[in-house]
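Open the model in your viewer and keep the sequence panel beside it. The tour goes from the whole chain to one residue, then to a pair of helices.

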Amino acid sequence: MTRAYRNLWSAAAIGLVATMSLTGCGTASNGSSNSNSSQKSVNITFSWWTNPTRTKETQQAISLFEKKYPNIHVTMEYMPWDGYWSKMATEAAAGSAPDVMQMDGSVLDEYVTKNQLMDLGTTSVDSSGLAKDVVQLGDVNGKLYAIPAAVNALAMVYNPALLKQAGVSFDPSKNYTWDDFAKLCEEIHQKLPNVYGATDEIYNEAELAYWARCNGEQMYATDGKSLAISKKTLTNWFTYWLNLQKDGGVPTAQLNAAYNHDDGQTNPFDKSQVAFTSMFIGEDVEYQQYLGKPIVRTMLPDWGDSNKPYSVHPAMYWSMSSTTKYPKQAAELINFLENDPQVSKIFLNERGVTANTSNMEADSKLGNSTVATQDTFMKQVEQVSSPTPLDPPAGSNVTTILQTIGQEVTYGKLTPSQAADQFTTQANQVLSQNS
């Protein structure tokens with residue numbers, strides 16, 4: 001990723017939600033309402049990472065697309081986040097990447113650098129329904145390689161029934177400090193010995209980046225070739241979660257390692273074993289469904305800090321393979337997923353707050369209380385967010401390193417100080433080699 005791109009994203013992040021009513025310049029005039037121009041029957045492939053809810057919704061959307069475009073058959077390939085990127089990397093390296101793919105900001109520049117994505121500006125992909133600054137989130141070196149499907153932000157959710165059972169009070173509108181939150185988590189465990197206060201987020205790279213901003217730092221250097229977060233801040237991060245584990249504020253190392261952190265269905269929050277957990281806002285519906293009880297959304301600790309640690313992210317993108325034989329049909333699918341009002345009503349905010357402004361406004365009038373809550377949450381985030389660069393090309397590797405080292409801390413194999421040193425050394429090595 002170039003510095004210019006990161007700066008562009010940073011500028012775009014300011015006032016993102018507030019400016020979503022401003023529509024952008026379309027890269028083409030023929031959006032989802034264009035006629036069925038595909039006369040020859042073709043088969044295109046479409047891949048996305050998923051969860052059960054997203055799978056069902058996306059299958060429904062594809063069914064509508066195939067009815068509207070009977071000459072285009074879509075082969076659907078989907079799997080959880082774990083495994084998605086290794087499969088994509090293998091296929092892309094072999095020149096057989098799916099025609100249309102769900103893309104993430106953490107790897108976007110990596111795919112662009114390897115010439116694996118089509119410049120959507122050369123296709124009939126229509127971005128005219130998005131705010132200009134939102135469209136720019138998919139721009140790399142002046143070319144549009146990805147169109148944001150939605151925008152998103154980190155959130156915490158909690159199980160109010162557990163808090164009531166524990167007899168503790170929590171005000172979701174209050175700006176709790178990290179220390180306040182730790183005390184609350186420990187108190188919950190003291191009152192309910194079989195329940196922990198929160199999930200252990202020691203592995204969570206996005207939350208670590210937030211922690212860095214709480215301390216006036218950034219996760220990565222501006223050139224993306226090294227970490228910018230200091231050893232002191234890293235050490236404090238590992239110490240914070242280790243102390244919480246020792247005091248019962250988060251699950252034991254064994255329980256923590258036993259579940260898939262990317263699978264809401266196995267999350268201890270959904271088994272009422274913990275009271276709080278972190279997620280991106282679009283995931284909250286799935287968690288509530290698994291829990292089977294109402295949840296409450298709230299901001300991360302220190303959200304009101306003067307450093308404005310919050311940031312608004314492109315939730316995910318639609319991209320097209322540079323090797324597709326069917327750019328016209330692939331563009332028709334992207335336009336349908338991005339702009340069709342009926343599809344938007346199916347997806348709602350499951351992938352994040354809808355990027356297409358007219359669809360977002362229409363969806364907000366459906367009377368869906370969850371959508372209204374999510375939209376309100378995003379507006380609150382916008383008020384306390386600051387510009388934040390996208391992850392560098394090796395960001396996903398850094399996430400893997402954090403997961404490994406975080407686990408060693410929870411098992412007592414590394415002290416927080418040792419973990420900070422090892423994380424810095426290993427992360428800097430992969431960042432310098434991949435930037």
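Select the whole protein chain: of its 435 residues, 57% are buried (buried means under 20% relative accessible area, exposed over 50%, partly exposed in between, with a 1.4 Å probe and protein chains only). This is a predicted model, in which local features need pLDDT of at least 70 and side-chain atom pairs count only at pLDDT 80 or more, while totals for chains, interfaces and linings use all residues. Residues are numbered from 1 along each chain as its sequence is written, and side-chain values use heavy atoms, with hydrogens and water left out.

Colour by secondary structure next: the chain has 17 helices and 12 strands (DSSP runs numbered from the N terminus, helices being H or I with at least four residues and strands E with at least two).

Now select isoleucine 44, which lies in strand S1, residues 42-49. Is isoleucine 44 buried or exposed? Isoleucine 44 is buried, with a relative accessible area of 0%. Add tyrosine 326: this residue is 282 residues away along the chain, yet the two C-alpha atoms are 7.3 Å apart. Beyond its neighbours within four places in sequence, isoleucine 44 has contacts that include Ile72, Val74, Asp99 and Leu333 (contact means heavy atoms within 4.5 Å).

Finally, select helix H7 (residues 178-191) and helix H9 (residues 231-246), whose axes are 10 Å apart at an angle of about 20 degrees (axes are lines fitted to C-alpha atoms, for helices over the stretch in contact, and angles run from 0 to 180 degrees between N-to-C directions). Show the side chains where they meet: Trp178, Phe181, Ala182, Cys185 and Glu186 from H7, against Tyr240, Trp241 and Leu244 from H9.
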